[in-house]
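Grab a pencil and try these short exercises. Each one comes with a solution you can follow step by step.

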Amino acid sequence: MKAIIRTGDGGPEVLKLGEIPAPTPGPTQLLVNVKATALNRADTLQRQGFYPPPPGESDVLGLELAGIVEGMGDEVTGFNRGDRIFGLVGGGGYAEQAVIDYRMAMPIPDGWNFEQAAAVSEVFFTANETLFTLGGLGSGETVLIHAGGSGVGTAGTQMAHHAGARVLITAGSREKIEKSKKLGCTEGINYKEHDFAEEIMRLTDGEGVDVVQDFIGAPYLNRNLSILKPRGRLIIVGLMGGGTGEIDLGPILRKRLQIFGSVMRPLPLEEKIQITQRFVNRWLPLLREGKIKPMIDTVMPLSQAREAHEYMEANKNFGKIILSV
Ligand SMILES: NC(=O)c1ccc[n+]([C@@H]2O[C@H](COP(=O)([O-])OP(=O)(O)OC[C@H]3O[C@@H](n4cnc5c(N)ncnc54)[C@H](OP(=O)(O)O)[C@@H]3O)[C@@H](O)[C@H]2O)c1
């Protein structure tokens, strides 16, 4: 089958369309003819050699897919050849065929194309787990979502708004802030022009926020803690700005703060199945009804994986970059 292969660790130029053997489904896996997959920041790290796949997973890039069931293992129930499915995988999405555990596969909602379905799993699962399962974000609370224009940010903004929270975001351009407002954020802060912590205190009349969802890491750590209300929660979801920082423990003590971290890919299958179920129960019905939407920036053919990575690393996307297979 055709797949994107890495010719080494490095920049986007190491990604090439090549031929590799098709995967064979294990007893509980579906073999899927992939029709669309999507980029995630983690793919850019894996490409550079910093984020190898967990043991047993394909070393082909791609953490999510949408496609058609082509075959299956002996223990699979509830699926048939020809079913249109989508879901999260530990790797292997940038290829014509991939395998997914049947308990992680979800039927594609009627009327959706493969590109829409490929834009959902990684970012809506991550946003649900971090804002709600860990962060306990509730109606009437205020949340700051950093990188509001990211794939995860565009999903989280819609979900938090729908849950009745006041949503504030940061982003690096006015254009991304305006687009985020259409998804439900009330105010956006251009972090290149303003100190986000000062702006948050101004916008909340000195009160701060209940939850911060952070992807930037070290450079934001103390400012994130400074803007949390008593009993506030900081959830570390990414480290795009760096992973080593010095922390002032004072605010944690005084304000009884909680700090969480989360990463989905290395979790045991059983936990990923539970993550899928939590998403299916709470958010898939709303996606089906169109109350929240997969946010697609661009669709490119699989053969342009290199260009797609360049586009993501230039921070140009608002929402998801899809690779059509
Ligand atoms: N823990 C998990 O399970 C999990 C799962 C999925 C994703 N993630 C993490 O979530 C983050 C977003 O992923 P994604 O795929 O949604 O990303 P994405 O769509 O590529 O968006 C990332 C955006 O972040 C902003 N950004 C990049 N570097 C920055 C920096 N140093 N300071 C401030 N803003 C910066 C840029 O927007 P601007 O134009 O606003 O600068 C960029 O477009 C990543 O850190 C990723 O690793 C974690």
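**Exercise 1.** Which helices each supply at least two residues of the shell around the ligand?

*Solution.* Start with the ground rules: this is a predicted model, where local features need pLDDT of at least 70, side-chain atom pairs need 80 or more, and totals for chains, interfaces and linings use all residues. Residues are numbered from 1 along each chain as its sequence is written, and side-chain values use heavy atoms, leaving out hydrogens and water. Now look for helices (DSSP runs of H or I, at least four residues). Helix H3 (121-134) and helix H4 (151-162) are the ones you want.

**Exercise 2.** Find out how many residues surround the ligand, and of what kind.

*Solution.* Step one: count residues with a heavy atom within 4 Å of the ligand. You get 25, with Arg41, Gly172, Lys176, Tyr191 and Ser262 the closest. Step two: sort the shell into 12 nonpolar, 10 polar (Gly counts here) and 3 charged residues.

**Exercise 3.** Track down polar contacts of the ligand's oxygen atoms.

*Solution.* Look for pairs of N or O atoms within 3.5 Å. The side chain of Lys176 offers one at 2.7 Å. Next, a polar side-chain atom of Asn317 lies 2.9 Å from a ligand oxygen. Finally, Met264 uses a polar backbone atom, 3.1 Å from an oxygen of the ligand.

Technical notes:
Polar contact = N/O pair within 3.5 Å; in protein donor to acceptor, adjacent residues only side chain to side chain.
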